[in-house]
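Dear colleague,

I am passing on the structure below, and I would be glad if you kept it open while you read my notes on it.

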Amino acid sequence: MTASFKAQKITSVRMLNDSTCWITLDGSIQADPGQFVMAWLPGIGEKPFSIAGMDPLSLMVVDVGIFSHALHTLGVGDEVWIKGPLGHGFSLEGERLLLVAGGYGAAPLYPLADLASKSGRTVDVCIGAGTESGILLTAEFGELGCGLSLATEDGSRGKRGLVTTLVAEAMNQLNYDTLYACGPTGMLSALADLCQQQQVNDQLSWEAHMRCGMGLCGSCEVPQAFDPSLPPGWLACFDGPVFIKRWA
């Protein structure tokens with residue numbers, strides 16, 4: 001784990017939709033898919049981001065607050081201070097894998113799909129969002145050779161409805177060794193129940209408000225109400241963000 005922030009320069013900024021950009025930095029990072037970094041801008045603050053790419057280090061940034069908006073105003077040559085990798089990421093287990101992304105949860109799953117594909121595993125990806133603009137990284141997953149299924153709540157792209165419906169259909173058709181997911185807590189809770197019912201191992205990346213990113217402040221405790229199998233006091237930043245359960 002890196003103990004301090006180090007400055008990295010932005011080498012490119014690519015808009016993915018009206019509110020989301022892909023920022024590429026001039027450094028690399030050795031990490032497990034699913035780990036995260038803390039990004040810091042002097043005078044503004046710091047915020048955690050999933051590692052969306054490792055070599056070069058890349059972040060997917062949604063313009064939803066003061067800090068992320070400040071990142072959106074930066075350009076090539078500007079500096080961002082990075083600390084990490086932090087937390088515990090995904091572990092590759094099994095030969096047939098199902099990845100499930102809820103909107104911006106696609107970010108940490110992309111390097112996982114890349115690693116799994118390069119190791120010869122079969123990877124299927126289900127991506128869901130409220131509208132078409134929230135469906136991200138489909139071309140990137142496709143270039144890796146992943147099977148791809150899409151769902152939007154308004155039916156503007158893919159199947160109309162929730163991504164969990166796609167997952168249930170996929171699990172009824174094929175036997176998966178492990179399900180990996182990142183997205184809203186409601187989606188993750190539903191997937192936790194589904195995996196227990198189907199006895200499919202799962203690795204879920206839980207989102208929570210993080211302040212320190214190192215398990216000191218306790219602000220990112222994930223309530224057991226989201227998943228009763230979570231231990232009491234489980235912190236997304238220190239114990240997670242990935243929680244691994246093996247049912248099979």
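Two strands are said to pair if DSSP finds at least two bridges between them. In this model, which is a predicted one, β5 and strand β6 (residues 57–62) pair in the antiparallel sense over 2 bridges, and M54 stands opposite L57 in β6.

These two strands belong to an open sheet of 7 strands with antiparallel pairing, whose order is β4-β3-β7-β1-β2-β6-β5. Because β4 (45–50) and β5 (53–54) stand at the edges, each with a single partner strand, one side of each is left without a neighbour in the sheet.

Turning to the interior, the largest nonpolar core has 33 residues, and those that touch the most other members are L98, V100, V167, M171, L179, A181 and W206. Two or more residues come from each of β3 (36–41), β8 (96–102), α4 (163–173), β12 (178–182) and α5 (185–198), with α5 giving the most, at 6 residues. Both domain 1 (6–86) and domain 2 (96–245) supply at least three residues to this core. If residues up to four places away in sequence are not counted, M171 touches L98, Y176, L179, L194, Q198 and V200. A second, separate core of 26 residues includes A106, A129, L136 and F141.

Finally, helix α2 (residues 106–118) has 13 residues and reaches 18 Å from its first C-alpha to its last, close to the 18 Å expected at 1.5 Å a residue. Its buried residues include A106, L109, L112 and A116, and just after α2, G120 takes a positive phi of about 85°.

With best wishes

Note on methods:
Residues are numbered from 1 along each chain as its sequence is written. This is a predicted model: local features need pLDDT of at least 70, side-chain atom pairs count only at pLDDT 80 or more; totals for chains, interfaces and linings use all residues. Side-chain values use heavy atoms; hydrogens and water are left out. Helices (H or I, at least four residues) and strands (E, at least two) are DSSP runs, numbered from the N terminus. The expected span of a helix is 1.5 Å times one less than its number of residues. Buried means under 20% relative accessible area, exposed over 50%, partly exposed in between (1.4 Å probe, protein chains only). A nonpolar core is a set of buried Ala, Val, Leu, Ile, Met, Phe, Trp, Tyr and Cys residues joined through side-chain atoms within 4.5 Å. Domain bounds come from an automatic or database domain assignment. Contact means heavy atoms within 4.5 Å.
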